[in-house]
Amino acid sequence: MTPSNANPPNRTEPDMNHNHKPDIRKANVCPPLPKGATALDKGVYWLGIGLGSGLPKRAPGTWGTVGGLIVALPLLQLGFITFFMVTVMASIVGVWICGRTSDLMQVHDDPHIVWDEWAGMWISLLPLSFIITYLPQHLNLSLYGAAIVLAFILFRFFDIAKPNPVKWADSKLSGGLGIMMDDILAGIMALVAWLMIVASVEMFYPL
């Protein structure tokens with residue numbers, strides 16, 4: 001006889017016993033939405049996987065960052081204040097988005113969750129947004145492209161290498177905050193490195 005209190009697990013509810021994060025060096029299939037997911041959960045899930053940019057089996061973090069960069073390109077044209085506000089909101093709301101997506105996947109910080117990469121990439125682009133808005137005379141098409149590529153490379157470097165405090169946030173924090181914070185810190189470090197590199201280039205090769 002089946003005990004009356006034996007209920008099947010509901011994958012749409014938060015579970016503290018999530019599976020461990022898959023080995024990102026191997027190809028991994030993105031965990032699907034559980035059956036019976038609500039419309040809200042479906043929307044959150046698609047935001048969590050970067051509108052599909054985090055679906056590739058290999059290097060989903062890199063592909064997710066590319067997706068975030070593509071979305072950022074038109075946002076950069078809206079002005080620094082708007083881009084800054086969007087980035088801050090994405091970072092704050094991302095704690096819930098990533099946490100809920102992790103609950104739906106039943107995997108803590110699954111590599112296919114890339115909303116955190118989106119927010120981190122946007123943080124690294126904040127100085128460029130400022131220049132576009134207030135110092136456009138210092139940019140041409142070539143410099144604009146180089147500045148974007150530099151921000152992308154720096155963010156991916158800090159996100160993958162995880163120097164402290166990025167490593168600390170990745171290993172010590174849990175839930176949606178843990179998923180988001182290491183990428184936020186990686187974005188801030190990329191921002192600082194971007195400014196240092198650009199300032200050094202400007203010092204020796206003034207425009």
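Q106 is buried, with a relative accessible area of 12%. In this predicted model, Q106 sits in the loop between α3 and α4. Its backbone carries a positive phi of about 60°, although Q106 is not a glycine. A positive phi recurs at K162, another residue that is not glycine, with a value of about 50°. K162 belongs to the loop between α6 and α7. P165 is found in that loop too. The peptide bond that joins N164 and P165 is cis, with omega about 10°.

The overall architecture is helical. The protein contains 8 helices and 0 strands. Along the sequence the pattern reads α-α-α-α-α-α-α-α. Of its 207 residues, 45% count as buried. Contacts between residues at least 6 apart in sequence were examined for range; 79% of them join residues at least 24 apart. The exposed surface of the protein amounts to about 11400 Å². Carbon and sulfur atoms supply 70% of that area.

The interior holds a nonpolar core. The largest such core has 47 residues. Within this core, F83, M121, W122, L125 and L128 have the most contacts. Two or more core residues come from each of α1 (39-48), α2 (60-76), α3, α4 (115-124), α5, α6 (141-161), α7 (166-172) and α8 (175-204). The greatest contribution is that of α8, with 9 residues. For F83, contacts beyond its neighbours within four places in sequence were listed. They are A72, L75, L76, W122, L125, L126 and S129.

Helix α4 is largely enclosed by the rest of the structure, because 10 of its 10 residues are buried. The buried set consists of W115, D116, E117, W118, A119, G120, M121, W122, I123 and S124. Two of these names, M121 and W122, also appear among the core residues with the most contacts. The cover over the buried residues of α4 includes α1, α2, α3, α5, α6 and α8.

Helix α5 also has buried positions. L126, P127, L128, S129, I131 and I132 are buried there. The buried residues of α5 pack against α2, α3, α4, α6 and α8. One residue of α8, L195, illustrates how distant parts of the chain come together. L195 lies in α8, and P127 is 68 residues away along the chain. The C-alpha atoms of L195 and P127 are separated by 7.3 Å. P127 is buried. L195, at 42% relative accessibility, counts as partly exposed.

Helix α3 contributes to the interior and to the surface. On the buried side is T87, which is placed in α3 (residues 80-105). T87 counts as buried because its relative accessibility is 2%, under the 20% limit. The T87 side chain reaches the backbone oxygen of F83 at 2.8 Å. Residues three or four places apart in an α-helix point the same way, because the helix has 3.6 residues a turn. Leaving aside neighbours within four places in sequence, T87 is in contact with A119, W122, I123 and L126. A119, W122 and I123 are buried residues of α4. L126 is a buried residue of α5. W122 and L126 are also contacts of F83.

On the surface, a nonpolar patch is formed by L40, I81, F84, M85, V88, M89, I92, V93, W96, F130, Y134 and L135. Together these residues have about 1100 Å² of accessible area. Helices α3 and α5 (126-134) each supply at least two residues of the patch. The most comes from α3, with 8 residues. One of the patch residues is W96, which is found in α3. W96 is partly exposed, with a relative accessible area of 47%. T87, in the same helix, is buried at 2%.

Conventions: Residues numbered from 1 in each chain as written. Predicted model: local features only at pLDDT ≥ 70, side-chain atom pairs only at ≥ 80, totals over all residues. Heavy atoms only, no water. Helix = DSSP H or I, 4+ residues; strand = E, 2+ residues; numbered from the N terminus. Buried < 20%, exposed > 50% of the residue type's maximum accessible area, 1.4 Å probe, protein only. Polar contact = N/O pair within 3.5 Å; in protein donor to acceptor, adjacent residues only side chain to side chain. Contact = heavy atoms within 4.5 Å. Patch = residues over 30% accessible without salt bridge, like charges linked within 9 Å, V, L, I, M, F, W, Y side chains within 5 Å. Areas by Shrake-Rupley, 256 points an atom, 1.4 Å probe, with all protein chains shown as cover. Salt bridge = Lys/Arg side-chain N within 4 Å of Asp/Glu carboxyl O. Core = buried A, V, L, I, M, F, W, Y, C linked by side-chain atoms within 4.5 Å.
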